[in-house]
Amino acid sequence: MRRRIRTGLCLALVCLLALSGCGFHFSEILPGSSLSSKVLMEMEDESLSTEEGEVWLWALKTVCESDYSEEIWSVNLEDGTAEEELKEAAKDYIQEMFLASQMALADGLTVSAEVQAQIETAAAYYMAALSGDASSDTDRQEAVTQAYMRLYLANTSRANAMSATVEIPDDEARVVRVYQIVLSFETDEEKATQKKRASKIIKRVEKGTSTFAIQAVQYSDGDSIELTVMRDQLDRELETAVYALADGEMSDVLETDDSYIIYYCVEENVEDETEAHREELRTEKLESLYREALTDYSGEADWKWNSSAWKGLSVTGEDAADVDFFGIYEENVSG
């Protein structure tokens, strides 16, 4: 009996797609009925061969098999077969790698003689790992070399983009640590009772007859008393209240649809977490800018995708190479 995977195919593939800084679709790519069977996609006077497309497909196939073994191809998925899902993801990946590499060249990125030699060495190792006549196939070696060149260009372009300077304002990055008291209600009667309780809690803490932490332990319905807060994590009203607090200050009673909430500021700026969050925001911003650049670049050109040629490629069968394409690249190409 075939197994069924509920959540879809290959977390490893999802991570791999992120390496190029891509992971989105381009609606501009059109069926390429006028393309030769040897051309998988074309953008103006540049093209990607069907042979190279097969190299990429098999490279991604190997990533999946490293996590799930060859049995993955006999697994039923929610929306089709494993091969169909891989090919859909691979199509996006190939299109995006092509775009990113062409944008890199358009931006003036050059390849040194040293890197060119490294790429040729990587291609030679790849070919040596193939079996039979495939290891001496000159068309395949040219396609592998081009794929490694494309990978280098795309990754270098993204790395350059991600090293740019982007300033994240202090208050946007700031992480706040608070205690919270959540007083839940469902009925109007419960709401009235909890409102009175909230008022009494405020008075006890303000008079010093109890501490906020003690009141939280006694009365809060929340899952946790201590909360670390970042921007855009809470509803706007709650966020505004939290970020207005200084160390040792307590908020007013805040009302949501099903509870009253009171916050007490333990630390208005958790410095180590703030700096880590600043770096996360910086990365997100640079990633967004890079994707915008890719999208803008894609919109300036006419695309063609050879659906017929793509349909003829498969991840199974005797011809499907089981070579660690990405591992060979990492071992041999340093830039």
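**Figure 1. Strands β3 and β4 form a hairpin in this predicted model.** Two residues lie between the two strands. One residue of the turn, E44, has a positive phi of about 55 degrees. Strand β3 covers residues 39-43 and pairs with β4 in the antiparallel sense. The pairing runs over four bridges. One of the bridge partners can be picked out at M43, which is matched with E46 in β4.

**Figure 2. The largest pocket has a volume of about 380 Å³.** Its lining consists of 19 residues, and those closest to the centre are S49, E52, E142, A143 and Q146. Four elements each supply at least two residues of the lining: β4 (46-49), α2 (50-68), α3 (82-106) and α5 (138-162). Strand β4, shown in the hairpin view as the partner of β3, is thus seen again here as a part of the pocket lining. Which helix gives the most to the lining? Helix α5 does, with seven residues. By residue type, the lining divides into six nonpolar, six polar and seven charged residues.

**Figure 3. Four strands form an open sheet in the order β8-β7-β10-β9.** The pairing in this sheet is antiparallel. The edge strands are β8 and β9 (254-255), and each of them pairs on one side only. Strand β7 covers residues 176-184 and pairs with β8 over four bridges. With strand β10 (residues 259-267), β7 pairs over eight bridges. Single residues show how the strands are matched: V178 has L227 in β8 as its bridge partner, and Q180 stands opposite Y263 in β10.

**Figure 4. Side chains alternate along the edge strand β8 (residues 226-229).** Which residues of β8 point to the face where the side chains are buried? They are L227 and V229. The side chains of E226 and T228 point to the other face and are not buried. L227 is also the residue that serves as bridge partner of V178.

**Figure 5. Helix α9 (residues 236-243) has buried residues that pack against the strands of the sheet.** The buried residues are L238, E239, A241, V242 and Y243. They pack against β7, β8, β9 and β10, and also against α6 (170-173). In the loop between β8 and α9 lies D232. The phi of D232 is near 70 degrees, a positive value in a residue other than glycine. D232 is classed as exposed because its relative accessible area is 65%, and the cut-off for exposed is over 50%.

**Figure 6. S251 lies in the loop between α9 and β9.** Is S251 buried or exposed? It counts as buried because its relative accessibility is 6%, and buried means under 20%. Leaving aside residues up to four places away in sequence, S251 touches I202, L245, I262 and Y263. Y263 is the residue of β10 that stands opposite Q180.

**Figure 7. D107 and D137 are both loop residues.** D107 is placed between α3 and α4 (113-129). With a relative accessibility of 60%, D107 counts as exposed. How far apart are D107 and S157 in space, C-alpha to C-alpha? The distance is 8.8 Å, although 50 residues separate the two in sequence. D137 is found in the loop between α4 and α5. D137 has a relative accessible area of 31%, so it is partly exposed. Not counting residues up to four places away in sequence, D137 touches E51 and M127. The C-alpha atoms of D137 and M127 are separated by 8.3 Å, and the two residues are 10 residues apart along the chain.

**Figure 8. S69 has a positive phi although it is not a glycine.** The value is about 70 degrees. S69 is found in the loop between α2 and β5 (76-77). Its relative accessibility is 32%, so S69 counts as partly exposed.

**Figure 9. The whole chain comes to 12 helices and 11 strands.** Of its 335 residues, 46% are buried. Among contacts with a separation of 6 or more, 79% are between residues 24 or more positions apart. The chain exposes about 18000 Å², and carbon and sulfur atoms supply 45% of this area.

Key:
Residues are numbered from 1 along each chain as its sequence is written. This is a predicted model: local features need pLDDT of at least 70, side-chain atom pairs count only at pLDDT 80 or more; totals for chains, interfaces and linings use all residues. Side-chain values use heavy atoms; hydrogens and water are left out. Buried means under 20% relative accessible area, exposed over 50%, partly exposed in between (1.4 Å probe, protein chains only). Contact means heavy atoms within 4.5 Å. Accessible areas come from the Shrake-Rupley method with a 1.4 Å probe; for residues, only the protein chains shown count as cover. Two strands pair if DSSP finds at least two bridges between them. On a 1 Å grid over the protein atoms alone, a cavity is a set of points where a 1.4 Å probe fits but cannot get out, and a pocket is an open set with protein on both sides within 12 Å along at least five of seven lines; lining residues have an atom within 4 Å of a point. Grid points are joined across faces, edges and corners, and a volume is the space filled by probe spheres set on the points. Ala, Val, Leu, Ile, Met, Phe, Trp, Tyr, Cys and Pro count as nonpolar, Asp, Glu, Lys and Arg as charged, and the others, Gly among them, as polar.
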